[in-house]
Amino acid sequence: MKLTTHTDYALRLLIYLAVRSEEMPATVQSAATHYGISAHHLAKVAQTLVQLGYVVSLRGRGGGLRLQLPAEEINIGALVRQTENLELLECFGPNSTCPIEPGCRLKGVLWKAQQALLAVLDGYVLADLVENRQELRVLLSSPG
């Protein structure tokens, strides 16, 4: 299973915000610059994270983004479920047209593998991903 760029950027932005937690709010532009990714795409991701309640957007001078929840309360499995389309195959959805679906075992195998992946992700929260906060700060301190 490959995560979408949207989920990848969501995880990166949450890590960036968690590493900076006691500093001034971060801007989308600063996060994008430090990661070397598109600020336009990251702005869409930030909007999703605001809508999902993970991030708060502060307007005005000194505004930017902050975590809405403590890093200990942001479950990685839950985030992936909210940002990914988990229909690995057409038959995972309600409109399958596959003629062998009734007798196919592939769907069950892939569903089981997907559940195993999600179960592992459920065992982690954002705080686990930033236990090495100092190292991450150094790595994110200068672009490129």
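**From Val45 to the nonpolar core and the surface**

Apart from neighbours up to four places away in sequence, Val45 makes contacts with His6, Tyr9 and Ala10. The model discussed here is a predicted one. Val45 belongs to helix α3, and its relative accessible area is 0%. Because buried residues are those under 20%, Val45 counts as buried. Val28 stands 17 residues from Val45 along the chain, and the C-alpha atoms of the two are 9.5 Å apart.

Val28 leads to helix α2, where Val28, Ala31 and Ala32 are buried. These three residues span an arc of only 100° around the axis, so they lie on the same side of α2. The buried residues of α2 pack against α1, α3 and the strand β2 (64-67). After α2 comes Gly36, which has a positive phi, near 70°.

The packing partners of α2 include α3, and a view from Leu42 adds detail. When residues up to four places away in sequence are not counted, Leu42 touches Val28, Ala31 and Ala32, together with Tyr9, Leu13 and Ile37. Leu42 is also one of the residues with the most contacts inside the largest nonpolar core, alongside Leu13, Leu14 and Leu49. That core has 35 residues. At least two of its residues come from each of α1 (5-19), α2 (28-35), α3 (39-51), α4 (76-83), α5 (106-122) and α6 (126-129). Helix α1 gives the largest share of the core, 10 residues.

Helix α5 also holds a polar residue to consider, Gln114. Is Gln114 buried or exposed? Its relative accessibility is 5%, and because the limit for a buried residue is 20%, Gln114 counts as buried. Leaving out residues up to four places away in sequence, Gln114 is in contact with Met1, Leu86, Leu88 and Phe92.

Two of these contacts, Met1 and Leu88, lead outward to the surface. Which residues form the nonpolar patch there? Met1 and Leu88 are joined in it by Leu3 and Leu117, and together the patch has about 300 Å² of accessible area. Leu88 sits in the loop between α4 and α5. Its relative accessibility is 33%, and because this value falls between the 20% and 50% limits, Leu88 is classed as partly exposed. The buried Gln114 thus touches Leu88, a partly exposed residue of the nonpolar surface patch.

Technical notes. Residues numbered from 1 in each chain as written. Predicted model: local features only at pLDDT ≥ 70, side-chain atom pairs only at ≥ 80, totals over all residues. Heavy atoms only, no water. Core = buried A, V, L, I, M, F, W, Y, C linked by side-chain atoms within 4.5 Å. Buried < 20%, exposed > 50% of the residue type's maximum accessible area, 1.4 Å probe, protein only. Helix = DSSP H or I, 4+ residues; strand = E, 2+ residues; numbered from the N terminus. Contact = heavy atoms within 4.5 Å. Arc of directions from axis to C-beta. Patch = residues over 30% accessible without salt bridge, like charges linked within 9 Å, V, L, I, M, F, W, Y side chains within 5 Å. Areas by Shrake-Rupley, 256 points an atom, 1.4 Å probe, with all protein chains shown as cover. Salt bridge = Lys/Arg side-chain N within 4 Å of Asp/Glu carboxyl O.
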